[in-house]
Amino acid sequence: MACAAAMAIGLAPTPAAVEAKEVGGEEEVVEVEVGGCGGGAVVVAAADAEAEGHPYDFHVSGPRNLPPPNWREIIRSSWKDPNYKRMVMACFIQAVYLLELDRQDQKGEEDGLAPKWCKPFKYKVTQTLVDERDGSIYGAMLEWDRSSALSDFILIRPSGAPRAVLALRGTLLQKPTMKRDLQDDLRFLIWESLKGSVRFVGALESLKAAVDRFGSANVCVAGHSLGAGFALQVCKGLAKQGVFVECHLFNPPSFSLAMGVRSMSEKASYLWNKVKASLPLKEEATTTLESTKEEASDKKRLRTEKKWVPHLYVNNSDYICCNYNAPSCSSTAADGVSDVQQQQRKASEIAGDVVAKLFVTSKGPQKFLEAHGLQQWWSDGMELQLALYDSKLINRQLKSIYTTTAVSSPAKS
């Protein structure tokens with residue numbers, strides 16, 4: 001496997017080759033040094049190589065200490081543990097990365113790597129999302145595999161386990177798909193929207209079909225990097241229609257040129273409002289009062305409405321997604337307010353107006369390639385903190401769901 005693929009998926013490089021020859025009727029192992037992605041050489045004996053398997057095999061680089069699948073899952077479901085669910089969702093996304101690599105290597109279900117990342121959790125791939133422009137696989141629908149579950153005496157689906165999961169991969173630096181991946185990366189960088197992509201249309205259609213079949217409460221969506229961008233916008237599209245689907249976003253992209261322009265506009269508007277507030281004009285004061293009453297009414301309405309609550313997983317060392325952890329301008333520019341009061345107000349706002357579960361790694365990879373990688377989210381020792389303060393980016397992206405008038409995006413076609 002190429003070095004670029006190893007960086008995109010965040011797993012170990014391809015192991016060294018091992019040659020064998022017969023000497024006196026017996027097979028002798030000859031160790032051959034082959035440079036890996038890191039430039040070093042790895043020497044593996046034939047027996048060890050067979051035991052270890054491919055570096056992308058589930059038992060080689062997948063999560064450790066998994067609870068064994070058995071009938072006890074019916075009584076005490078592992079899916080009720082948020083950490084277990086996070087780990088499984090990351091593994092399902094990894095399966096989509098490997099579906100594309102299996103396709104490029106002309107491997108199927110029997111000899112491919114992707115199914116090994118679904119079977120331990122009793123799920124199977126029922127649909128692959130294919131980009132019609134280059135034939136690459138960018139997503140997949142995974143469903144609960146009842147026949148596989150019955151083989152381990154799991155008679156019913158454990159509580160909390162979804163019927164179906166839509167998993168979307170990110171950018172894969174491999175020649176057959178790299179061009180289209182980077183086109184969508186550029187689309188988001190310029191417009192902060194992916195709605196003009198054929199992948200958005202395909203993902204939305206697949207998700208709608210799953211919701212119609214199983215119900216929104218039994219469907220989950222998971223995405224990593226560019227795939228997290230698609231997952232966010234697809235789920236937002238359904239949320240605006242009142243359909244709420246559980247969504248897990250790993251290292252979602254958090255910057256674009258459009259976002260930078262909007263941020264400058266917001267800062268200018270904020271400063272202008274402060275200037276107007278200092279002017280003793282009766283008409284403006286009345287307008288401001290009416291605006292404040294309207295805003296309070298909107299907040300009261302939002303508190304009573306059911307909301308869509310996405311799960312975001314962010315590493316601060318990853319500059320692609322770290323902006324989600326930035327506080328809003330209004331919360332940082334409070335005059336004459338103590339830190340304690342600010343924190344209380346932030347908690348109140350995040351609980352009352354815009355709700356999202358933002359998980360930030362407190363102990364994780366520091367180098368960018370590892371911090372943006374997927375492997376960290378199923379690794380042992382992962383420690384997460386739930387950030388409850390006001391995030392400017394989350395506020396802006398999620399408040400649009402509940403506005404009565406939708407603002408059209410420049411990326412629509």
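Trainee: Across which strands does α9 lie, and at about what angle does it run to β8?

Mentor: We are looking at a predicted model, where local features need pLDDT of at least 70, side-chain atom pairs count only at pLDDT 80 or more, and totals for chains, interfaces and linings use all residues. Residues are numbered from 1 along each chain as its sequence is written, and side-chain values use heavy atoms, without hydrogens and water. Helices (H or I, at least four residues) and strands (E, at least two) are DSSP runs numbered from the N terminus, and angles run from 0 to 180 degrees between N-to-C directions of axes, lines fitted to C-alpha atoms, for helices over the stretch in contact (heavy atoms within 4.5 Å). Helix α9 lies across β7, β8 and β9 (246-250), and its angle to β8 is about 145°.

Trainee: Which word describes how α8 and α9 lie to each other?

Mentor: Find α8 at residues 198-214 and α9 at residues 226-239; their axes come within 10 Å and cross at roughly 50°. Angles under 35 degrees count as roughly parallel, over 145 as roughly antiparallel, 65 to 115 as roughly perpendicular and the rest as oblique. The two helices are therefore oblique.

Trainee: How many nonpolar residues are in the contact of α8 with α9?

Mentor: Among the residues that meet are Phe200 and Leu204 in α8, and Phe230 and Val234 in α9. Ala, Val, Leu, Ile, Met, Phe, Trp, Tyr, Cys and Pro count as nonpolar, Asp, Glu, Lys and Arg as charged, and the others, Gly among them, as polar. The contact has one polar residue, two charged residues and, as nonpolar ones, nine.

Trainee: In the sheet, which are the edge strands?

Mentor: Two strands pair if DSSP finds at least two bridges between them. Eight strands form an open sheet with mixed pairing: β5 and β6 pair in the antiparallel sense over seven bridges, while β7 and β8 pair in the parallel sense over five. An edge strand here pairs on one side only, and these are β5 and β12.

Trainee: What kind of pair do the rings of tryptophan 79 and tyrosine 123 make?

Mentor: Rings of Phe, Tyr and Trp (its six-membered ring) pair if their centres lie within 6.5 Å; planes under 30 degrees apart count as stacked, over 60 as edge-to-face and the rest as tilted. The structure holds 14 aromatic pairs. In this one the centres are 5.8 Å apart and the planes at 55°, so the pair is tilted.

Trainee: How many residues apart are the two partners?

Mentor: Tryptophan 79 is in the loop between α4 and α5, and tyrosine 123 is in strand β5. The pair links distant parts of the chain, with a separation in residues of 44.
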